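I opened my notebook to write down what I looked up, one topic at a time. Here is what I had in front of me.

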Amino acid sequence: MAENAKLMQGNEACTMGAIAAGLQFFAGYPITPSTEIAEMCSEELPKFGGKFIQMEDEIGSIAACIGASLTGKKAMTATSGPGFSLMQESIGYASLCEIPVVIVNVQRMGPSTGMPTSPAQGDIMQARWGTHGDHQIIALAPGNVKECFELTFKAFAYAEAYRVPVIVLADEVISHMREKVILPDPSSYKIPMRAMPTSPAGYKPYGADPDGGVPLMAPFGQGYRWHCTGLFHDESGAPSGKAAVADKLLRRLERKIEKNAQVLEDYYAESMEDCDIAVVSFGSSAMAALSAVRRARKEGHKAGMLRLKTIWPFPDAALRRLSASAKKIIVPEMNLGQLALEVERAIHGKAEVIKLGKVTGELFHPDEIYQALKEAF
Amino acid sequence: MAEFLDYFRKERLPHIWCPGCGHGTVTGALIRAVDKLGLDKNKIVMVSGIGCSSRAVGYLDFDTLHTTHGRALAFATGVKHAKPSLKVIVMTGDGDCTAIGGNHFIHAARRNIDITTIIMNNSIYGMTSGQYSPTTPHGMLGTTAPYGNVEQEFDVCELAKASGASYVARATSFHVTLLTDLIEKALMNKGFSVVEALTQCPTYFGRKNKIGGPVELLNWIKDRTVNAKAAAALPPEKLAGKLLIGELHRAERPEYCASYAETTARVQRTYNDYKGGNRGCELNSD
Ligand SMILES: Cc1ncc(C[n+]2csc(CCOP(=O)(O)OP(=O)(O)O)c2C)c(N)n1
Ligand code: SF4
Ligand SMILES: [Mg+2]
């Protein structure tokens, strides 16, 4: 498939992954380092009848995406820290109302305007808990340009399958880096589609198995005449303040993701089987980590590498399984230890967790992680 | 007219509004206008934000979208842009539309996107129990304006007009026939259309300002207004402090979705060999 080999940027791969998955609607507001996605969408979407709009802010962008998704279209927005903060309320709306939508957050140094063009990975916990109230979230972290394509494609598959907002948690380096990528043949794509009802008769917009079932989603404008509200609602979509209704709804939403955690887990593991020390990382930090781990192995140290592609739901089971032999786990990340907190929680004292946080706005150098490995051995 | 209640989700009634609230009157006017035009129920999407006014859509038998506070027009923009064949109607309050949602309002107007917006303006935050809003007149009371409102109010219609709306009108919950008629015209306009309905919140605005019950408040609203046609013949002193009602503005401006479609057609002529692959969705058509 020589003609499918291309030199491309992470943001470009992300856009192509979205288009491959059937992207039909993009709304966004420019912000570095995500802007190339909006630019490319504005150029590509009209070519096949898709819709682009530059909204007045990020609040409007996510809102417009949710509106578009309700008409049956696949919708995406892309942003970075400050814009991601603005989107939080409506991410909660999409979560409670079960509207598929993909949000690309290309992380940059924060808080606040921070260092706009410097890479960071400080939005791990914001992605998980940014909106108020209990909710589940899916967040995927690409570790190279090809994965920007693959994980954005997957993000749509999950959004459609589970009717949830899905976050692609990239970072400035992954998104601006250029690599040669061999894309799969378009005819091999299995275009993700949400499950839709076949007739309005007896349609219950939120009728589903209480144990994490996903209700059928009727597109607006096709005679179903249903009510979508961010108030707690019963199976018919009617707002309800009843304790039992609230409990049932929130628990179903929780189970929807929880019970599929195994399906959702995705990672790259190398030399983990017999490792004494594991390095657990993600995104651009994992590139440096992998090179450090390989160097340590070459020198005869039993180091292992686990790079998480699915950050949320956190792959507890996979982490425990893969790091069974590890006595120590080093977690390099471009923040002050957000992922490490989760690793600590999941590993539950079975190994010592060493935080290796970096907040200089610079990438890790493999030597820094190699050094940490040496110290740990 | 089809049975009035046929436009309602009867199982969702009774509504939450207080006795004497004007929001029901405005909702009734909208339904009568929809009925008069014979619009297809299945092709209407009603969008609202948060507030007593925004609760209206939940009682109506269309596809309805009750969103977040202030964002109704942004959600509605997504619905309309994604599927321009749908008739998109926004029901919003003075707080929802002109405070927290003010930015979306001016930009929806600027784009002249084909959405009909009904602003149920009771000059107060009703749902949160009576704080002053951007349309509370200067000097009047609210629970956060205990000494009289320090701020100056918006003229919502002037705001809409200046921002680019192609149809702007105002009526009140007292002038129901006029209101219905203006909503009907707004629904027929292809572009961003605004009907401001001055309406009463007896529970908070009326009581706090000691105006009286719903009837006294309705009269108070009526007395604030002058018909736009009659105004031409009146001396300036009779118009001081009055709000004009009737059709206030019409303009021919390109509509957003139509412009986007034109651009798309031009792009597709250039790229007619574009191989986008299978989008996997017949809903792609519009
Ligand atoms: C982000 C956010 N801020 C504040 C609120 C609280 N809130 C709910 S309704 C409302 C005001 C509604 O006023 P208006 O739009 O005039 O509607 P009314 O109730 O008067 O009809 C406010 C402030 C909210 N729901 N969300
Ligand atoms: S509080 Fe005011 S606006 Fe809300 S329902 Fe009661 S009267 Fe109407
Ligand atoms: Mg109000």
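My entries follow, and I kept in mind throughout that this is a predicted model.

**Entry 1: where the chains meet**

I started with the contact between the two chains. I found 47 residues of chain B in contact with 50 residues of chain A. Together, chain B and chain A bury about 4300 Å² between them, and 56% of that area is on carbon and sulfur atoms.

Next I looked for charged pairs, and 2 salt bridges turned up across the interface of chain B and chain A. One of them links Asp61(B) to Arg225(A), with 3.1 Å between the closest N and O atoms. I also noted 25 residue pairs in polar contact between chain B and chain A, both residues being at pLDDT 80 or more.

Which elements of chain B give two or more residues to the side that touches chain A? I wrote down β2 (63-66), α2 (72-82), α4 (102-111) and α11 (256-270) of chain B. The most comes from α2(B), which gives 7 residues.

**Entry 2: a magnesium site**

I then went to the magnesium ion (ligand 3). Which residues are its protein donors? They are Asp94(B) through OD, Asn122(B) through OD1 and Ile124(B) through its O atom. These donors lie 2.1 to 2.2 Å from the magnesium ion. Along the sequence I jotted the spacing of the donor residues as D-x27-N-x1-I. I checked two of the donor residues for burial, and both Asn122(B) and Ile124(B) are buried.

**Entry 3: Gln121(A)**

I picked Gln121(A) and found it in the loop between β6 (115-119) and α5 (124-129) of chain A. Is Gln121(A) buried or exposed? I put it down as buried because its relative accessibility is 0%.

A polar atom of the Gln121(A) side chain lies 3.0 Å from the backbone oxygen of Phe282(A). Leaving aside neighbours within four places in sequence, I listed contacts of Gln121(A) that include Gln107(A), Asp171(A), Gly283(A) and Glu333(A).

**Entry 4: cysteines**

How many disulfides does the structure hold over all chains? I got 0. I looked at Cys14(A) to see why it has no partner. Its closest cysteine sulfur is in Cys148(A), and at 6.2 Å that is too far for a bond, since a disulfide needs the sulfur atoms within 2.5 Å. I tried it from the other end too: for Cys148(A), the closest cysteine sulfur is the one in Cys14(A). Cys14(A) is buried, with a relative accessible area of 4%, and Cys148(A) is buried as well, at 2%.

**Entry 5: odd backbone spots**

A reminder to myself: most residues other than glycine have a negative phi, and most peptide bonds are trans. So I went looking for exceptions.

In chain A, a cis peptide bond joins Thr32(A) and Pro33(A), with omega about 5°. Pro33(A) sits in the loop between β2 (23-28) and α2 (35-44) of chain A. In chain B, Leu13(B) and Pro14(B) are joined by a cis bond, with omega about 5°, and Pro14(B) is in the segment before α1 (23-37) of chain B.

For phi, I noted Ser271(A), which is not a glycine but has a positive phi of about 55°. Ser271(A) is in the loop between β11 (267-270) and β12 (277-281) of chain A. Asn112(B) is not a glycine either, and its phi is positive at about 50°. I found Asn112(B) in the loop between α4 and β4 (115-121) of chain B, buried with a relative accessible area of 0%.

Definitions and conventions: Residues numbered from 1 in each chain as written. Chains lettered and ligands numbered in written order. Predicted model: local features only at pLDDT ≥ 70, side-chain atom pairs only at ≥ 80, totals over all residues. Heavy atoms only, no water. Helix = DSSP H or I, 4+ residues; strand = E, 2+ residues; numbered from the N terminus. Buried < 20%, exposed > 50% of the residue type's maximum accessible area, 1.4 Å probe, protein only. Polar contact = N/O pair within 3.5 Å; in protein donor to acceptor, adjacent residues only side chain to side chain. Contact = heavy atoms within 4.5 Å. Donors = N, O, S within 2.8 Å, 3.2 Å for Na, K, Ca; no water. Buried area = accessible area lost by both parts, 1.4 Å probe. Salt bridge = Lys/Arg side-chain N within 4 Å of Asp/Glu carboxyl O.
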